[in-house]
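Please open the model in your viewer and follow the stops below in order, making each selection before reading on.

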Amino acid sequence: GKGAVLNHAFALVCWMVARRDPRLGGRGADEIVIGVMDADGQLETDALTKVAPYFSGRRNARVGGVQIGVRIANATTNLLTLMQDIEFVGFSALVQDSRNSFGSVGLGGNGQFTRLSALQQLRRDPWTACLSEDLDLSLSLAEIGWKIRYCPATFVAQQGLPQLWPLLRQRARWVQGHYQCWRHVGSI
């Protein structure tokens with residue numbers, strides 16, 4: 001699934017850095033940020049400009065990841081999609097922003113940005129087979145001292161699920177993935 005594809009891309013970027021590929025403009029692992037977007041994701045046009053400052057300067061040297069807000073692009077389709085939009089906006093505005101001051105924001109599957117050197121410090125494939133590989137990555141980075149921040153100034157829009165059964169299947173998968181992440185509780 002998704003984790004395997006992301007790990008393949010990670011390996012390619014690491015290979016490019018090791019060989020000083022000219023397409024990277026001479027940048028090292030500390031200067032390279034990998035963005036993760038779902039196929040249905042639509043970034044705001046200035047999203048990268050708004051995320052970049054979170055990774056620059058000495059003050060942000062330990063920022064390993066940044067999550068942006070998530071909106072539901074088809075929120076007006078029906079009550080289910082509207083409720084998903086309210087859920088994502090509420091989660092981002094309340095929970096993520098509250099966690100921001102501690103540097104313990106959770107990375108989501110869509111609209112996450114991670115510093116290549118932080119991913120390399122895991123000394124393994126960053127994205128696991130966990131059903132919530134994004135949460136697993138967040139916790140893994142926190143365990144080795146990296147901060148995860150939230151950027152409320154921009155967002156990614158994605159499609160909400162307009163039918164109940166697909167939504168329930170999605171949420172059941174997320175819950176199972178969260179249970180898989182309980183292995184981090186002791187070290188966090």
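**Aromatic rings and charged side chains**

Begin by selecting Y179 and W182, both of which are exposed, and keep in mind throughout that this is a predicted model. With both side chains displayed, look at how the rings meet: Y179 and W182 form an edge-to-face aromatic pair, with 5.2 Å from centre to centre and 80 degrees between the planes.

By the ring-pairing rule the count comes to 2 aromatic pairs, and the next selection is F88 with W174, an edge-to-face pair whose centres are 6.4 Å apart and whose planes make an angle of 85 degrees. This pair links distant parts of the chain, since F88 belongs to helix α3 (residues 79-100) and W174 to helix α6 (residues 164-180), with the two positions 86 residues apart in the numbering. If you colour by accessibility, F88 counts as buried because its relative accessibility of 15% is under the 20% cut-off, whereas W174, with a relative accessible area of 26%, is partly exposed.

Now move to W146 and display R62 with it: R62 lies over the face of the W146 ring, at 3.9 Å from the ring centre.

For the last stop, select D21, which is placed in the loop between α1 (2-18) and β1 (33-36). Is D21 buried or exposed in this loop? Its relative accessible area is 11%, so D21 is buried, the limit for that class being 20%. Add R23 to the selection, and you will find the side chains of D21 and R23 joined by a polar contact of 2.7 Å.

Key
Residues are numbered from 1 along each chain as its sequence is written. This is a predicted model: local features need pLDDT of at least 70, side-chain atom pairs count only at pLDDT 80 or more; totals for chains, interfaces and linings use all residues. Side-chain values use heavy atoms; hydrogens and water are left out. Helices (H or I, at least four residues) and strands (E, at least two) are DSSP runs, numbered from the N terminus. Buried means under 20% relative accessible area, exposed over 50%, partly exposed in between (1.4 Å probe, protein chains only). A polar contact is a pair of N or O atoms within 3.5 Å; within protein, one must be able to donate a hydrogen and the other to accept it, and residues adjacent in sequence count only if both atoms are side-chain atoms. Rings of Phe, Tyr and Trp (its six-membered ring) pair if their centres lie within 6.5 Å; planes under 30 degrees apart count as stacked, over 60 as edge-to-face and the rest as tilted. A charge sits over a ring if NZ of Lys or CZ of Arg is within 6 Å of the ring centre and within 35 degrees of the ring normal.
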